[in-house]
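Q: Please take a close look at the salt bridges in this model, and describe which side chains pair, where the partners sit and how far they are exposed. A connected account would help me more than a list.

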Amino acid sequence: MLALCCALLFSPPLMAAETLRYVALVDGGTQAGSQVVVHGDDGVTRVDFIFKDNGRGPELKEEYELAEDGTFKRYAVTGASTFGAPVDETFTRDGDTGRWKTTSDQGEHRFSGIALYTPLGGTPQSFSVAIAALARRADGKLPLVPSGMLSSRKVASAEVANGADKRQVELLALTGIGLTPTFIWVTAGPQPRLFAYIFPGFLQLIEDGWQGNADSLEQVQKGAEGQALVELQKRLAHPLAGTTLIRNARVFDSENAVLGDAADVVVSDGRIVSVGPAGSGNSRKAQQVVDAAGRVLLPGLYDMHAHTGRWDGGLQLAAGVTTIRDMGNDNATLQQLMTEQKTGTLLAPQVIPAGFIEGESKMSARHGFVIKNLAEAKEAVDWYADHGYPQVKIYNSFPKELLRDTAAYAHQRGLRVSGHVPAFMRAQEVVEQGYDELQHINQLLLNFFVTPETDTRTLERFYLVAEKTDGLDFDSRPVQDFIALLAERKIVVDPTLATFEFLHQREGQLSPIVADVADHLPPDVQRSRRAAEMNIPDDATGARYKRSFDKLVDFVGRMYRAGVPLVAGTDELPGFTLQRELELYVQAGLTPAQALQVATWNGAKYSGTLGDSGSVTAGKQADLILVDGDPTRDIADIRKVALVIQRDKAYYPGEIHQALGIEPFAPAVQVQTAATAR
């Protein structure tokens, strides 16, 4: 997550010979990194940035010099990305010509006026240069290099205190980079600079000495973001009052993974009233009509592995995802998000929460509950059970000696148990000690590569799989026995295959998640998706890592054919990643219809919501998507969602995409009044 955030960041000019220190906080105050900014007498600003959470994170050294107009004259950053890929980026401007080079792209820009180079792998300090340069623009717009236009608006202000020292700060919403606004706190005045960057529920980067204000600033920011999100929901949600007839739609039978004949589906007050042959619906009794014209109607898709934020819902709904399972989040943030979704003020799918439980260590991912002993583990389980969570997720630093008893206690409370494989354990052991489900394909394959001394809280959990899977014999007895164990115990697997394509993505190559849709995305997003995440030093290594990934895909197919239940999750870019995930299931040997079944019926079954969702069935919630194509024959057609119905509201994916700067994929199928439809 931070890698994506850092790709969107910019930085402020500082006073001569000034040093500014920032601290990076997680889990309500635990320091996980720092940023030191030194503006030297030589006119060069030097930045050291490090952030480590969950055993990974970037380490960057940045250096820049500003031109008279406040933009970069010279810029350089080196270091390592979140997953260890080398960062080496430069930009220089000579007169009206600017040239840049990164590990993934290079180019030249002819300047006709002021414009700011946007670093691809920069530190949060890069925010300040953009803020200050933007403040000097009378029109409030700042052209960007290689492309884009940055603008900002003030959305909140606050007074902060550091002992007797007080300061006014302002919250700006920056637009023009990425798919959603970026919120940053700046010092008030004619020469603003970065004061704090807060990603609610995850990260607080704030000037050292002022961290006592971080929580209050986060609350103010949540309120400001909430207001913007309410306005977005009002603009994009189309209420469905009374009864709606969806006529002449080919309905996907998710239970049996087959496409049916043309049918009429009647929806009223957010629920499916009837499903009958085409022509059986009475438009005179409906307030609205949707003429499906033979298009395919499916139940809403499930993304069974999200770590959702309040701005993710648009991308999810536009992709036909009407339900997500959140697999670990800040508890207070998630509770707020779920409340906003239920009350209809947030553009978002329905959320099914999984309770995050981690063990205490230097490498802990500090979300949910971080425990030290069995009593604390049971308290965490109790909290989740009392708050209606259907399952818990165990994480990397969880003490292995507590696992069996914790799983048993969770089962006593009626909760399923899933997660990563804790450090110094193997997947087979956690299955034998009570797991009902495993997350991530790498966690399964590590079963064959780790030793009792392997610390999988480090990047080893990725590099071991990339290095060794290519040489693993899937027909060997250990592999066959492991798959048989998973099948016998009906261990649900959430492979998140698409996310792990970063194992083989080379510098300059588009991420496979967006490769087939890149032309629809803003240029800056395309550029950011050409940066590799893994350190792949040569062609031979790259080829080996690609063969390893292809075998991960094959492993998923083998599990499916053996009877191991699959669910479709992502843990990456919302919406687009699930579409790619389903393509990979087809590559693994599933039919397109079987892949769709995994993302609908299986999602509902293994999240405990099958009684209310997961199929187009009378009595269930009206979570429906209409596709302009036939994804049961060509899974790529799942990108052509023309209409989404989420209970008593309709959404047009093209309308959502346009609001996010994305070119639509299919014409909208409009909801019409019954009189107009007749």
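A: A salt bridge is taken here as a side-chain nitrogen of Lys or Arg within 4 Å of a carboxyl oxygen of Asp or Glu. The model is predicted, so local features need pLDDT of at least 70 and side-chain atom pairs count only at pLDDT 80 or more, whereas totals for chains, interfaces and linings use all residues. Residues are numbered from 1 along each chain as its sequence is written, and side-chain values use heavy atoms, with hydrogens and water left out.

Side chains of opposite charge can pair when their charged atoms come close. A search of the whole structure finds 40 salt bridges, and one of them joins Glu63 to Arg46, whose closest N and O atoms are 3.6 Å apart. Glu63 belongs to strand β4 (residues 59-66) and Arg46 to strand β3 (residues 44-51), so this pair ties together parts that are 17 residues apart in sequence; strands are DSSP runs of E, at least two residues long, numbered from the N terminus. Glu63 has a relative accessibility of 27% and counts as partly exposed, and Arg46, with a relative accessible area of 37%, is also partly exposed (buried means under 20%, exposed over 50%, partly exposed in between, with a 1.4 Å probe and protein chains only). Both residues belong to a network of salt bridges that links Asp42, Arg46, Glu63, Glu65 and Arg74.

A second pair is formed by Arg93 and Asp69, with 3.7 Å between the closest N and O atoms. Here, too, distant parts of the chain are linked, since Arg93 lies in strand β6 (residues 86-94) and Asp69 in the loop between β4 and β5 (72-80), 24 residues apart. Asp69 is partly exposed, its relative accessible area being 22%.

The third pair to consider is Arg366 with Glu360, whose side chains meet in a salt bridge at 3.1 Å from N to O. In this pair the two partners fall into separate accessibility classes: Arg366, at 13% relative accessibility, counts as buried, while Glu360, at 38%, counts as partly exposed.

For the surroundings of such pairs, His109 offers a view of another strand, β8 (residues 106-110), in which this residue has its place. His109 is partly exposed, with a relative accessible area of 22%, and its C-alpha atom is separated by 5.0 Å from that of Gly98, although the two residues are 11 apart along the chain. Leaving aside neighbours within four places in sequence, His109 is in contact (heavy atoms within 4.5 Å) with Asp96, Thr97, Gly98, Trp100 and Val145.

The nonpolar side of the structure can be set beside these charged pairs. The largest nonpolar core holds 142 residues, among which Leu438, Leu445, Phe555 and Met559 touch the most other members; such a core is a set of buried Ala, Val, Leu, Ile, Met, Phe, Trp, Tyr and Cys residues joined through side-chain atoms within 4.5 Å. Beyond its neighbours within four places in sequence, Phe555 is in contact with Ile441, Leu444, Leu445, Phe448, Phe474, Val479, Phe482 and Ile483. Apart from the largest core lies another, of 42 residues, including Phe127, Ile184, Val186 and Leu203.

Note on methods
Helix = DSSP H or I, 4+ residues; strand = E, 2+ residues; numbered from the N terminus.
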